[in-house]
There are 2 protein chains.
Amino acid sequence: MLWILPAERPAMPAPPANSPGIRERETAPKNGAERRRAGRPAAAVLDLAGITAAALRLISENGYDGLTMAALARSLHVAPSALYNHVESKRDVLLLVEDHLTALVDVTAFAAEPWESAVRKWAWSYRDVFAEHTPLIPVIAVLPVTDAPRTLAMYETVSAGFRAAGFPEERIVSAIVALESFIFGSAYDVTAPADIFDSGSMAESTPSFTGAVRSLAAQGHGKPADVAFSLGLEALIGGFGALRE
Amino acid sequence: MLWILPAERPAMPAPPANSPGIRERETAPKNGAERRRAGRPAAAVLDLAGITAAALRLISENGYDGLTMAALARSLHVAPSALYNHVESKRDVLLLVEDHLTALVDVTAFAAEPWESAVRKWAWSYRDVFAEHTPLIPVIAVLPVTDAPRTLAMYETVSAGFRAAGFPEERIVSAIVALESFIFGSAYDVTAPADIFDSGSMAESTPSFTGAVRSLAAQGHGKPADVAFSLGLEALIGGFGALRE
DNA sequence: CCACTAAATGAATGCCGTTCATTTACGAGA
DNA sequence: TCTCGTAAATGAACGGCATTCATTTAGTGG
């Protein structure tokens, strides 16, 4: 199981490869790649914050295909099995990343703006964050909130905003879930190739759809994914707004 | 040793190739599981329809974890490499499955019912089909329609329905995309565990959210995923309906 | 009749996540 | 101060995965 992050433990950032002076290595391998010998090191090399940061760096460099336990270990100058002293499985690493990313979602508007614009800002921010991290979506979808304290914190802020806006209590969760579902699906949509709707050789047998695609392209303000997201989001905001008392 | 080969071998693990049993085969080749010798068989063993059917059977029995190229080959009584004469990669297998499933989505209402109820039926059907197949969603999201003729056919029917209902042409694709995004996200939601919103020990620090969860549970009509889907879908239908001319 | 291609086998590849025995260091209790 | 339990590292596995390749065999067009 994933251990909840301790409040930023002193963190001892990666100890400089060779601590100055105190003890010189006898066989001092002066080349950059000093090999650590087996056994517990004097100062811990790994912690959850470091693992999370390294995972995020790998993902930004090579995408989620680049995030393997071996690559993660290599980037931390550690044997792969060492990771398992801090994490139970690769899924735990994904959870760490997810927790980090959720904290990037902007919920500040709920404290300062009317409900409609607060929801709008939150939703766009949420979509933008996870459009870059769609492989996490299947993980989030099945993730009990207990395991994700920062996600839970986001829900608290959002649901408080809904409540303050006069939303009937028994519909708050459903409305948030519906919005989230739309956001996750739309995040995938952002990653779709530009020509996804090119019906190619079948254009003649699909006149209605092909015409609609061409008409959208002709209008063509903004990326199609953004236009669709805006259209759906405004419909949801409008529909949900009517539920307020 | 008693050695009975199951005629159709349901889920029984195959005997290891190096077991002594293999030697006995020479003296007893008469039972059902005849081993095919190398080289092209007189009649082709594999085709795309058979591969698709076998993949669907594996998925229904063991989920998507059970769908491996090795398992697929085994269920078709074929060596794994034989599959690659018909399919370029495992992704192709998933595409075959996706194409098959899309044909199961019910679009008939667009021919017979008013726009609102047609969209409603289509959306529920679409969600239900893919709720059982969420691992396909990342594949669909990036899939050019050219590669999925039946998906394209579905789009044609749906867009024709929107057009006939008076939808402005340049918004048809965006509306469908928005609905689809909501549907895919909601399909994930169906698979979530029942206690996903149990905030556990953090309940006291999240009063608004915890209260909303409890209130939903108290009302408790139908599954939460269905309630949220209905709420969002009706909002989208209402909002989009206003666009009609 | 022969060359070519299609469709099978079977062996091998490299990568993946994960496990396990082992080594070493730290810290608490006797 | 010794000692013992626990934490954190190494390094060598393991089985499973998708995929590739050489090989064998059967049908087909020229």
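These legends walk through close-up views of a predicted model with two protein chains and two DNA strands.

**View 1. How chain A and chain B sit relative to one another.** Start with the two protein chains on their own. Turn chain B by 180 degrees, with 0.0 Å of shift along the axis, and it superposes on chain A with an RMSD of 0.1 Å. That is how a two-fold axis relates two copies. The contact draws 59 residues from chain A and 59 residues from chain B. Of the interface residues of chain B, 100% are interface residues in chain A too, so the copies meet through the same surface.

**View 2. What gets buried between the chains.** The size of an interface is often quoted as the accessible area that is lost when the parts come together. Here, chain A and chain B bury about 5,000 Å² between them, and 73% of that is on carbon and sulfur atoms. Looking at the chain B side, the residues that lose the most area to chain A are B:Val173, B:Phe209 and B:Leu231. Together, these three make up 12% of what that side buries. If you go hunting for salt bridges between chain B and chain A, the count is zero. Polar contacts are another matter: 17 residue pairs make them across the two chains, counting pairs with both residues at pLDDT 80 or more.

**View 3. The helices on the chain B side of the interface.** Several elements of chain B give two or more residues to the side that touches chain A: helix 8 (137–141), helix 9 (149–164), helix 10 (169–191), helix 11 (207–219) and helix 12 (224–241). Helix 10 of chain B gives the most, with 16 residues. By residue type, this side of chain B splits into 35 nonpolar, 17 polar and seven charged.

**View 4. The protein surface around DNA strand C.** Now over to the DNA. There are 27 residues around DNA strand C, and the nearest of them are A:Arg37, B:Val45, B:Ala79, B:Ser81 and B:His86. The residues of this surface are 14 nonpolar, eight polar and five charged. Helix 2 (69–75) of chain A and helix 4 (80–83) of chain B each supply at least two of them. Among the atoms of DNA strand C within 4 Å of the protein, 68% belong to sugar or phosphate, and bases account for the rest.

**View 5. Phosphate oxygens of DNA strand C, up close.** Zoom in on the backbone of the strand. B:His86 has a side-chain N or O atom 2.7 Å from a phosphate oxygen of DNA strand C. From chain A, a polar side-chain atom of A:Tyr84 sits 2.8 Å from a phosphate oxygen of this strand. A:Met69 uses its backbone instead, with an N or O atom 2.8 Å from a phosphate oxygen of DNA strand C.

**View 6. The protein surface around DNA strand D.** Of the 28 residues around DNA strand D, those that come nearest are A:Val45, A:Ala79, A:Ser81, A:His86 and B:Arg37. Helix 3 (80–83) of chain A and helix 3 (69–75) of chain B each put at least two residues into this surface. Its residues sort into 14 nonpolar, eight polar and six charged. Sugar or phosphate provides 68% of the atoms of DNA strand D within 4 Å of the protein, and the rest are from bases.

**View 7. Phosphate oxygens of DNA strand D, up close.** A polar backbone atom of A:Ala79 lies 2.6 Å from a phosphate oxygen of DNA strand D. A:Arg36 brings a side-chain N or O atom to 2.8 Å from a phosphate oxygen of this strand. Chain B joins in through B:Met69, where a polar backbone atom is 2.8 Å from a phosphate oxygen of DNA strand D.

Notes. Residues numbered from 1 in each chain as written. Chains lettered and ligands numbered in written order. Predicted model: local features only at pLDDT ≥ 70, side-chain atom pairs only at ≥ 80, totals over all residues. Heavy atoms only, no water. Near = heavy atom within 4 Å. Polar contact = N/O pair within 3.5 Å; in protein donor to acceptor, adjacent residues only side chain to side chain. Helix = DSSP H or I, 4+ residues; strand = E, 2+ residues; numbered from the N terminus. Nonpolar A, V, L, I, M, F, W, Y, C, P; charged D, E, K, R; others polar. Contact = heavy atoms within 4.5 Å. Buried area = accessible area lost by both parts, 1.4 Å probe. Salt bridge = Lys/Arg side-chain N within 4 Å of Asp/Glu carboxyl O. Least-squares fit on C-alpha atoms with pLDDT ≥ 70 in both.
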